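Q: Please take a close look at one part of this model, a single strand and its surroundings. After that, set the part in the context of the rest of the chain.

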Amino acid sequence: KLATRLGVSRNTVVRAYAELESEGFIAGRMGSGRRVEALPPAPLLTRVNWNSQSSYNHLASSPSHMAELLSITDAYPDTINFAHGDGGKHTLSSSCFPDYVKAAAEKVQSYFFTAVHGLPLLREQLVEWMGMEQISSPEQVCVTSGSQEGLYLITSILAKPGDCIVTEMPTYFGSLQLFASLGIQIIPVPLDQDGMRMDVLEGILARSHPRFIYTVPTFHNPTGRTLSFVRRKQLLALSERYGIPIVEDDAYRHLHLDAEPPSPLNSMDQSGHVIYLNTFSKILFPGLRTGWIAGNQQFIQLITRLKELSISTNTLGQIALASFLKNGELAPHLATARNLYREQAQLMESQLAPLRSLGIQYEKAAGGLYFWIALPEELNPRELMHTCMKSGVSFTCGDMFLVREAEQPYIRLCYTHEGAERIEQGMSILTHVLRKQKEA
Ligand code: PMP
């Protein structure tokens with residue numbers, strides 16, 4: 001009847017009725033007639049489900065390694081910390097940087113905004129410090145809140161959920177967590193003594209089109225290995241042949257214990273394919289939360305547009321850093337730090353060496369901050385870590401640096417966060433627990 005009255009087909013009325021019913025607009029009981037209500041019955045309370053509301057649907061279920069690691073010092077303030085990757089308190093006490101922070105705090109401009117891509121004076125100083133022909137202008141630099149933010153910005157610009165990227169395996173867990181959280185697939189490439197395996201990479205590039213190659217080519221985290229000069233050339237040639245950008249994360253370049261490492265990929269690059277990423281976290285302090293991206297100016301402009309959404313990096317730290325660099329303080333600071341780190345690495349190694357008889361394997365440290373240690377197969381790194389934590393020592397489990405389970409269990413020990421005395425203490429506790437678990 002309704003269809004005739006409205007002059008439409010019966011099917012249209014049936015479909016409209018079904019739609020109204022599914023949205024709760026139809027009221028009434030069978031037999032007593034049904035009518036269309038003005039509004040669907042209002043629920044008393046609809047709770048927001050924050051997990052399904054989130055557009056990052058992996059976040060709630062993926063492991064939060066970063067948060068776990070960063071909370072160690074709050075949860076266990078006295079722990080002997082071989083987990084965090086930084087220079088620790090003794091580096092702070094041997095540096096004049098705190099004086100620069102005090103001086104910056106007295107400058108009125110420290111309390112106000114600076115440019116989105118960073119304080120001009122700091123960007124000028126960074127261009128000079130990097131000394132690369134390819135980075136000749138401060139407009140090719142964007143200062144970031146640590147290189148982690150830098151990698152976040154780069155990844156967001158270059159890749160979208162479902163895309164893939166290529167990287168060394170194992171690699172820095174913060175990058176793996178970042179890629180996974182953004183829904184980016186990771187194609188792993190193994191390393192050998194000379195760094196990322198170019199034969200494997202070439203095979204991957206020939207059959208898939210990753211958005212970029214993320215690499216820590218110098219004193220790689222966690223293995224400490226360095227991409228040889230020959231492989232650097234091969235990597236650049238592959239990037240050119242397949243038109244794939246390289247993201248070079250160079251956080252550990254200046255922390256060599258012996259010979260200087262080969263030049264950055266960025267300084268060897270003729271094609272403009274390399275995006276360079278670095279940080280003050282390893283050469284000064286992670287609490288500064290200051291890093292930088294350098295590269296093609298057009299790309300830096302895109303990065304800056306995205307960075308603008310969170311305004312800029314803190315001005316106070318940038319002012320302190322700019323004058324620290326301008327006064328030439330970074331090079332002597334690094335020379336002192338390297339001498340200290342060399343002693344600390346030797347000390348830790350002297351306590352690791354006797355453990356070889358238990359089947360543990362590691363490489364001599366050449367630079368960076370870590371020993372990457374293969375444990376005998378029967379040992380479980382998580383069990384080892386929990387027992388060590390109870391006895392006052394923390395370190396990082398190898399599985400955090402991998403996308404799949406390794407054939408062998410690993411742990412990572414940082415030799416720079418603690419001073420000599422606590423390294424000795426911590427290593428005797430670790431040795432004791434390791435021996436006990438091996439015998440059990
Ligand atoms: N890249 C690598 C290779 C790292 O090891 C780290 C810190 N562990 C970072 C980036 C992050 O550094 P930042 O503190 O500058 O965010």
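A: Val274, Tyr276 and Asn278 point to one side of strand 10, Ile275, Leu277 and Thr279 point the other way, and all of them are buried. The model is a predicted one. Strand 10 covers residues 274–279, and because 6 of its 6 residues are buried, the rest of the structure largely encloses it.

Strand 10 has pairing partners in strand 9 and strand 11. Strand 9 (residues 246–249) runs parallel to strand 10, and 4 bridges join the two. Within this pairing, isoleucine 246 has valine 274 of strand 10 as its bridge partner. With strand 11 (residues 291–294), strand 10 pairs in the antiparallel sense, over 4 bridges. Here tyrosine 276 is matched with alanine 294 of strand 11. Tyr276 and Val274 both belong to the set that points one way from strand 10.

Another pairing can be set beside this one. Strands 12, 15 and 14 form an open sheet in the order 12-15-14, with antiparallel pairing. Strand 12 (370–374) and strand 14 (396–397) are at the edges with a single partner strand each, so one side of each has no neighbour in the sheet. Strand 12 is joined to strand 15 (residues 410–414) by 5 bridges, and the two run antiparallel. Phenylalanine 371 has leucine 413 in strand 15 as its bridge partner.

Buried positions also occur in helix 10 (residues 173–181), where Phe173, Gly174, Ser175, Leu176, Leu178 and Phe179 are buried. These buried residues pack against helix 4 (65–70) and helix 9 (146–158), and against strand 5 (164–169), strand 6 (185–192) and strand 8 (213–215). Just after helix 10, glycine 183 adopts a positive phi of about 75 degrees.

Two helix pairs complete the picture. The axes of helix 11 (residues 198–207) and helix 12 (residues 229–242) come within 11 Å and cross at roughly 5 degrees. Helix 11 and helix 12 are therefore roughly parallel to each other. From helix 11, Met198, Leu201, Glu202 and Leu205 meet Arg231, Gln234, Leu235, Leu238 and Tyr242 of helix 12. By class, the residues of this contact are 6 nonpolar, 1 polar and 2 charged.

In the other pair, helix 8 (residues 120–130) and helix 15 (residues 315–326) have axes that come within 9 Å and cross at roughly 40 degrees. Helix 8 and helix 15 are therefore oblique to each other. The crossing in which helix 8 passes helix 15 is left-handed. Leu121, Leu122, Gln125 and Trp129 of helix 8 make the contact with Gln318, Leu321, Ala322, Leu325 and Lys326 of helix 15. The contact of helix 8 with helix 15 has 6 nonpolar, 2 polar and 1 charged residues.

For the chain as a whole, there are 18 helices and 15 strands. Buried residues account for 40% of the 440 residues in the protein chain, whereas in strand 10 the count is 6 of 6. Among contacts between residues at least 6 apart in sequence, 73% join residues at least 24 apart. The C-alpha atoms fill a box of roughly 95 × 60 × 50 Å along the principal axes.

Note on methods
Residues are numbered from 1 along each chain as its sequence is written. This is a predicted model: local features need pLDDT of at least 70, side-chain atom pairs count only at pLDDT 80 or more; totals for chains, interfaces and linings use all residues. Axes are lines fitted to C-alpha atoms, for helices over the stretch in contact, and angles run from 0 to 180 degrees between N-to-C directions. Angles under 35 degrees count as roughly parallel, over 145 as roughly antiparallel, 65 to 115 as roughly perpendicular and the rest as oblique. A crossing is left-handed if the near helix is turned anticlockwise from the far one by less than a right angle, and right-handed if clockwise. Two residues are in contact if their C-beta atoms, placed from the backbone, lie within 7 Å. Ala, Val, Leu, Ile, Met, Phe, Trp, Tyr, Cys and Pro count as nonpolar, Asp, Glu, Lys and Arg as charged, and the others, Gly among them, as polar. Two strands pair if DSSP finds at least two bridges between them. A residue is buried if 20 or more other C-beta atoms lie within 10 Å of its own, exposed if 12 or fewer, and partly exposed in between; C-beta atoms are placed from the backbone.
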